[in-house]
Each structure stands twice: as C-alpha cells, then as structure tokens.
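Got your viewer open? Let's take a walk through this structure together, one selection at a time.

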Amino acid sequence: MDVFLKDISVWAPGLEDDDEALNKWAHGEIEILKEKVSPKLEYTDPLFRRRLSQISKMTVHVVHKLLEKTAFDKETKIVFVSLRGEIEREFTINQGLIEDNDILPAGFSLSVFNTPVALATLAFKLQGGYSVIYPSKNDFIQGLKTALAPLLAGTEEEIVLVYADELVPDVYGDKVPADNTPLAFAALLSSKEGRSLADKIELSSGACTPSEFLKSLLK
C-alpha cells in the first residue's frame with residue numbers, strides 16, 4: 001500500500017514562514033540556524049503561549065499552518081515523533097531534583113514528552129487523539145514506520161504526522177548530538193490521494209535524519 005502527501009507545513013530558525021527560504025534549504029543553498037528562536041504564535045492567547053518552550057511553539061505553529069492550508073478534519077488522528085522532546089525543560093527538572101530535591105508542578109507538566117502535541121490539540125480543539133513516538137537510538141526511520149502504520153494497515157485513511165525537536169542547549173557539552181537542528185514540520189498524509197511518496201520513503205533499510213526526510217518531501 002502506498003502513502004500520499006496531501007500538504008505540509010514547516011518551521012525552523014532561519015526559514016520561518018518564508019517559502020523561498022524553505023526551497024533554498026531543501027536544495028542545500030542555506031542552512032537552518034542553530035538558534036533558540038521560536039514562532040510568535042500571535043494567533044493564540046498570551047497566557048497560553050507565555051511559558052512555552054521552543055519545541056512546543058514550533059509544534060503548535062506547524063499544526064496551525066497545516067490546519068489553515070488544508071482545513072483537515074479535527075477528528076484526524078495525529079502522530080507526533082520526536083527524538084529528544086522537551087529536552088531543555090527536562091534538564092531543568094533534573095537540576096531541580098539534584099539541587100533542591102523538589103519539582104515545581106507547573107514545570108513538570110510542561111516537561112513531559114507529549115507536551116508539544118497536547119498543547120496543539122488544546123489550542124485548536126483537535127479531537128482525533130494522538131500517539132507519541134520516541135524512537136530508540138534516535139532512529140527516525142523506526143519512528144516513521146510506526147507513524148505510518150495506521151495508513152499502511154488500512155485502519156486510518158488520513159493522519160497528521162508531526163515531527164519536532166528543539167535546539168539542545170550547550171549545557172549538555174559533549175553529549176550534544178551531531179544533528180542539533182531545531183526543526184518542526186506537520187504533514188497531512190493519506191492512503192488514497194495526494195502526491196505518492198513511494199519513491200521518497202525508504203523504509204526497509206538505511207539511516208535518515210528528520211532533515212533528510214523533509215528535504216526528500218520538498219524536492
């Protein structure tokens with residue numbers, strides 16, 4: 001069974017909402033900036049967006065852009081894939097445990113792995129539910145296989161695939177991954193219509209970073 005791309009939205013530092021910059025990046029002419037900047041989310045309530053992290057803001061924004069472009073059914077299932085999740089908040093939580101032997105409830109509630117996609121569903125009243133995938137050993141392809149399973153098995157006709165990872169802070173030192181790229185995208189995928197991804201997705205073997213996968217979708 002094939003998988004089809006109906007539409008996609010992307011946000012990353014240096015690309016923002018600029019389609020020309022996105023096209024240049026896809027063809028290797030410019031790079032995503034390794035900076036801790038985020039979309040402004042001016043279409044949300046100030047209290048909602050005030051304390052959100054980079055990954056959460058990027059996730060909310062790409063879901064918003066995709067919803068605006070496609071008006072996808074709010075009952076559509078969302079599959080969220082991330083290699084690191086709320087890594088900066090997680091560090092803060094661990095630091096608080098070590099130094100103060102305490103965790104602030106508000107901080108903890110925003111540090112869990114499903115925070116970004118949960119916030120997107122709340123912001124736009126999405127009711128289809130979501131799955132969250134944290135692939136072992138940062139293997140994006142394994143996460144992608146799991147995300148596409150409902151389409152390939154025929155249990156869903158459409159899904160919204162969301163990927164996001166934020167910039168890993170310098171405090172991690174030599175543990176900062178080589179691919180430390182802050183990036184988010186949301187794709188409306190179908191089992192029936194759109195642009196075929198059969199020649200874009202190699203699920204059987206080989207490593208693929210999220211950036212490489214996204215570039216293959218954009219070309």
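## Stop 1: Charged pairs

Counting pairs of oppositely charged side chains gives 7 salt bridges in this chain, and what you have open is a predicted model. Side chains of opposite charge can pair when their charged atoms come close.

Select K69 and D7 and show their side chains. They meet in a salt bridge, with 3.0 Å from N to O. This pair ties together distant parts of the chain: K69 belongs to helix 3 (residues 54-70) and D7 to strand 1, 62 residues apart. Are these two buried or exposed? K69 has 47% relative accessibility, so it counts as partly exposed. D7 comes out at 23%, so it counts as partly exposed too.

Now try K24 and E20. Their closest N and O atoms are 3.6 Å apart, and they form a salt bridge. This one is a local affair: both residues lie in helix 1, 4 residues apart, which is about one turn of the helix. K24 is partly exposed, with a relative accessible area of 31%, whereas E20 counts as exposed at 52% relative accessibility.

Next, click on E157 and K192. They form another salt bridge, with the closest N and O atoms 3.1 Å apart. Here two loops are linked: E157 sits in the loop between helix 7 and strand 4, while K192 sits in the loop between strand 5 and strand 6, 35 residues apart. K192 counts as exposed, at 58% relative accessibility. While you're here, add K6, E158 and E193 to your selection: salt bridges that share partners join them into one network.

## Stop 2: The whole chain

Zoom out and switch to cartoon view. You should find 8 helices and 6 strands. Trace them from the N terminus and the order reads β-α-α-α-β-α-α-α-β-α-β-β-β-α. How much of the chain is buried? Buried residues make up 47% of its 219 residues. The chain exposes about 11000 Å², and carbon and sulfur atoms supply 50% of that.

## Stop 3: The sheet

Color the strands. The 6 of them form an open sheet in the order 3-2-4-5-1-6, with mixed pairing. Look at the edges: strand 3 (130-133) and strand 6 (195-196) each have a single partner strand, so one side of each is left without a neighbour in the sheet.

Start at strand 3. Strand 2 (residues 77-81) pairs with strand 3 in the parallel sense over 4 bridges. For a landmark, pick V79, which stands opposite S131 in strand 3. Then select helix 7 (residues 140-152), which packs on the sheet and touches strand 2, strand 3, strand 4 (158-165) and strand 5 (183-190). The direction of helix 7 makes about 160 degrees with that of strand 4.

Now hop over to strand 1. Strand 1 and strand 5 pair in the antiparallel sense over 7 bridges, and the bridge partner of L5 in strand 5 is L189. Strand 1 also runs antiparallel to strand 6, joined to that strand by 2 bridges. To see this, find F4, which stands opposite S196 in strand 6. Why is strand 1 largely enclosed by the rest of the structure? 6 of its 8 residues are buried, so the strand has that cover.

## Stop 4: The nonpolar cores

In soluble globular proteins, nonpolar side chains tend to be buried together. Which residues touch the most other members of the largest nonpolar core here? Select I8, L161, F185 and L189, which do so within a core of 32 residues. Elements that each supply at least two residues of this core include strand 1 (4-11), helix 1 (19-26) and helix 8 (210-218). The largest share, 6 residues, comes from helix 7.

Center on I8 and show what surrounds it. Beyond residues up to four places away in sequence, I8 touches L66, K69, F185, A186, A187, L214, L217 and L218. You met K69 earlier, as the salt-bridge partner of D7. There is also a second, separate core of 24 residues, which includes W11, I78, A184 and A186.

## Stop 5: Helix 8

Finish with helix 8. Which of its residues are buried? Select P210, S211, F213, L214, S216 and L217. The buried residues of helix 8 pack against strand 1, helix 1, helix 7, strand 4, strand 5 and strand 6.

How values were computed: Residues are numbered from 1 along each chain as its sequence is written. This is a predicted model: local features need pLDDT of at least 70, side-chain atom pairs count only at pLDDT 80 or more; totals for chains, interfaces and linings use all residues. Side-chain values use heavy atoms; hydrogens and water are left out. Two strands pair if DSSP finds at least two bridges between them. Contact means heavy atoms within 4.5 Å. Axes are lines fitted to C-alpha atoms, for helices over the stretch in contact, and angles run from 0 to 180 degrees between N-to-C directions. A nonpolar core is a set of buried Ala, Val, Leu, Ile, Met, Phe, Trp, Tyr and Cys residues joined through side-chain atoms within 4.5 Å. Buried means under 20% relative accessible area, exposed over 50%, partly exposed in between (1.4 Å probe, protein chains only). Accessible areas come from the Shrake-Rupley method with a 1.4 Å probe; for residues, only the protein chains shown count as cover. A salt bridge is a side-chain nitrogen of Lys or Arg within 4 Å of a carboxyl oxygen of Asp or Glu.
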